[in-house]
Amino acid sequence: MPRWCWTRSNLKEQMMDKVDVGKRILNANETYAMKNRRLLARYGKRCFNMISSPGSGKTTLLVRTIRDLAQSLRIGVIEGDLQTDIDAERIRATKAPAIQINTDGACHLSASQVNQALEKLPVEGLDVVFIENVGNLVCPSAFELGEDGKIVVLSVAEGDDKPVKYPGIFAKSKVLLVNKIDLLAGSLVDFDLDRVNTDARRLNKSIEIFPVSAKTGEGMRNWYGWLTDQVRSR
Ligand code: MG
Ligand code: ZN
């Protein structure tokens, strides 16, 4: 059983005893995760939960993906942030629908928050729903949201030791997007891609790893191929 942050949003969701508070929160979350899973399955939609540290480029990756695949995939986004709707506005500028969840200081999204956002999204008209989680490599990995899979984003500027230091999220994710690989040219950062591949696969044999640059577009085709296959196989 993971230990995690105690946040106002958790406490609000749960009237509780002092016994097994963590278990109750997880159980309540799982109930909503199941509702979300059922709703998405009813419409036959794919849903991915994107998790990373702040500043790894989640929103930039989503904006580029939405624009490049505009002719083939209809994408909607649920944006999780502590405050502001800056990221949702960036998504809406692509004409894709985006629902902002402000967590009021909480460091992860809960399945009930996603449930409310799904009710506002025009899910029927979409192929894929992306959930951009709050920037944090720790507790978002413990909260199932009803997604088909987690996508962990690691930018090369953060360092190549992250799979070893934060194994939980790398062990649970379907895909690892190694972003900002344009910075590797000219040795602007020290980042050993082989080390990340080896460490991530040691934790998770089936993880798909795509080195990409959302800025230059390098490597993005492989990621689009994976995503398109996921939608087609639904
Ligand atoms: Mg963002
Ligand atoms: Zn948290």
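# A tour of the model

Start with the largest nonpolar core: among its 29 residues, Phe130, Ile151, Leu177, Trp223 and Leu227 touch the most other members. A nonpolar core is a set of buried Ala, Val, Leu, Ile, Met, Phe, Trp, Tyr and Cys residues joined through side-chain atoms within 4.5 Å. Buried means under 20% relative accessible area, exposed over 50%, and partly exposed in between (1.4 Å probe, protein chains only). This is a predicted model, in which local features need pLDDT of at least 70 and side-chain atom pairs count only at pLDDT 80 or more, while totals for chains, interfaces and linings use all residues. Residues are numbered from 1 along each chain as its sequence is written, chains are lettered from A and ligands numbered from 1 in the order in which they are written, and side-chain values use heavy atoms, with hydrogens and water left out.

**The core by element.** Colour the helices and strands next. These are DSSP runs numbered from the N terminus (helices: H or I, at least four residues; strands: E, at least two). At least two residues of the largest core come from each of strand 1 (46–52), helix 3, strand 2, helix 4, strand 4, strand 5, strand 6 (175–179) and helix 9. Helix 9 gives the largest share, 6 residues.

Select Leu227 and show what surrounds it. Beyond its neighbours within four places in sequence, Leu227 is in contact (heavy atoms within 4.5 Å) with Phe48, Thr65, Leu69, Leu73, Val128 and Phe130. Apart from the largest core lies another, of 19 residues, including Ala33, Leu39, Ile78 and Ile99.

**The magnesium ion.** Select ligand 1. Which protein atoms are the donors of the magnesium ion? They are Thr59 (OG1), Asp87 (OD) and Glu132 (OE), at 2.0 to 2.1 Å from the ion. Donors are N, O and S atoms within 2.8 Å of the metal (3.2 Å for Na, K and Ca); water is not among the atoms, so sites may look incomplete. Along the chain, the donors follow the spacing T-x27-D-x44-E. Thr59 sits in helix 3 and Glu132 in strand 4, so this pair ties together parts that are 73 residues apart in sequence. Thr59 and Glu132 are both buried.

**Salt bridges.** There are 12 salt bridges in the structure. A salt bridge is a side-chain nitrogen of Lys or Arg within 4 Å of a carboxyl oxygen of Asp or Glu.

- Select Arg74 and Asp127, which form a salt bridge with their closest N and O atoms 3.0 Å apart. Arg74 is in the loop between helix 3 (58–68) and strand 2 (75–81), and Asp127 is in the loop between helix 5 (111–120) and strand 4 (128–132), so the pair ties together parts 53 residues apart in sequence. Arg74 is partly exposed at 45% relative accessibility, whereas Asp127 is buried at 16%.
- Move to Asp148 and Arg234, whose side chains meet in a salt bridge (3.0 Å, N to O). Asp148 is in the loop between strand 4 and strand 5 (149–155) and Arg234 in the segment after helix 9 (220–232), so this pair ties together parts 86 residues apart in sequence.
- Then select Asp160, Arg195, Asp199 and Arg202, which are linked in a network of salt bridges.

**Two loop residues.** Select Thr84, in the loop between strand 2 and helix 4 (86–92). Thr84 has a positive phi of about 70° although it is not a glycine. Finish at Lys95, in the loop between helix 4 and strand 3 (98–102). Is Lys95 buried or exposed? Lys95 counts as exposed, at 78% relative accessibility.
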